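Hi,

Here is the structure I promised to pass on. Have a look at it first, and my notes follow underneath.

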Amino acid sequence: MTREKCEREPLVAAATRSGCWPADLEHHLAICAPCAETKRVAQLFLEHAATTSAQSHPPAANIVWQKMQAQRQQQALIHATRCMTLMRILAALYAVAVAAWYLPQLWRLQPAPFSTTLNALSSGMVFTGVATAVVAVVIASCCLILLGSRTTFRLHS
């Protein structure tokens, strides 16, 4: 959005502050959109200044600092737990996938003794478990490395 400028805007702002409007400036306001906008904004600032108490002070610096520190800690906690949340979701999906894959085999082998069933499933389950654990460790490590580099960058910049 491009905003037009007018050389009379400072005069409009001064006239708004003083309340004294020359006739030629009032006529100019009717035809100049930037000056009309300047008058509107200047009036809003004057109204705000009139409603704001002269004795109101900004909050103490230590309170602002404490709030910012608490907000920074909250953001760091959210970033730190994001990876753990992802790993919990992946673990739940893995549990569902393993159950869906191996439960039908358990039902097919049901008449056999439990030890035979366990031996039949153990080789595939061990391989699946080890492969999944390796993949989870690699993903979690990458996630923590990326998260650590972003957090370090944010704290120092």
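To start with the helix pair I spent time on: are α2 and α3 roughly parallel or roughly perpendicular to each other? Keep in mind that this is a predicted model. The two helices, α2 and α3, pack at an angle of about 110°, and their axes are 6 Å apart. Angles of 65 to 115 degrees count as roughly perpendicular, so that is the label for α2 and α3. On the α2 side of the contact you'll find His28, Leu29 and Ile31, and they meet Ala33, Cys35, Ala36 and Lys39 of α3. Sorted by class, that contact has five nonpolar residues, one polar and one charged.

Now the wider view. The protein chain has five helices and zero strands, which reads as α-α-α-α-α along the sequence. Of its 157 residues, 15% count as buried. Among contacts with a separation of 6 or more, 57% are between residues 24 or more positions apart.

Next, the core. The largest nonpolar core has seven residues: Cys6, Val12, Ala15, Leu25, Leu29, Cys32 and Cys35. Both α1 (9–18) and α2 (23–31) supply at least two residues each to this core. Cys6 is worth clicking on: leaving aside neighbours within four places in sequence, Cys6 is in contact with His28, Cys32 and Cys35.

Here is how the first two helices sit.

In α1, the buried residues are Glu9, Val12, Ala13, Ala15 and Thr16. Looking down the axis of α1, they fall within an arc of 165°, so they line one face of the helix. The cover over these buried residues includes α2 and α3. Turned away from that buried side of α1 are the exposed residues Pro10, Arg17 and Ser18. Just after α1, Gly19 takes a positive phi of about 85°.

Pro10 itself is part of helix α1. Why does Pro10 count as exposed? Exposed means over 50% relative accessible area, and Pro10 has 54% relative accessibility, so Pro10 makes the cut. The C-alpha atoms of Pro10 and Thr38 are 8.6 Å apart, with the two positions 28 residues apart along the chain counted as their separation.

In α2, Leu25, His28 and Leu29 are buried. Those three cover an arc of only 105° around the axis, so they are on the same side of α2. On the other side of α2, Ala23, His27, Ala30 and Ile31 are exposed. What covers the buried residues of α2 includes α1 and α3 (33–51).

One last residue, in case you like histidines: His28, which lies in helix α2. Is His28 buried or exposed? The cut-off for buried is under 20% relative accessible area, and His28 has 13% relative accessibility, so His28 counts as buried. Neighbours within four places aside, His28 is in contact with Cys6, Arg8 and Cys35. His28 and Val12 are 16 residues apart in sequence, and their C-alpha atoms are 9.6 Å apart in space.

If you only open one spot in the viewer, try Cys6 and His28, which are in contact with each other and both touch Cys35.

Cheers

Technical notes:
Residues numbered from 1 in each chain as written. Predicted model: local features only at pLDDT ≥ 70, side-chain atom pairs only at ≥ 80, totals over all residues. Heavy atoms only, no water. Core = buried A, V, L, I, M, F, W, Y, C linked by side-chain atoms within 4.5 Å. Buried < 20%, exposed > 50% of the residue type's maximum accessible area, 1.4 Å probe, protein only. Helix = DSSP H or I, 4+ residues; strand = E, 2+ residues; numbered from the N terminus. Contact = heavy atoms within 4.5 Å. Arc of directions from axis to C-beta. Axes fitted to C-alpha atoms, helices over the stretch in contact; angles between N-to-C directions. Parallel < 35°, antiparallel > 145°, perpendicular 65-115°, else oblique. Nonpolar A, V, L, I, M, F, W, Y, C, P; charged D, E, K, R; others polar.
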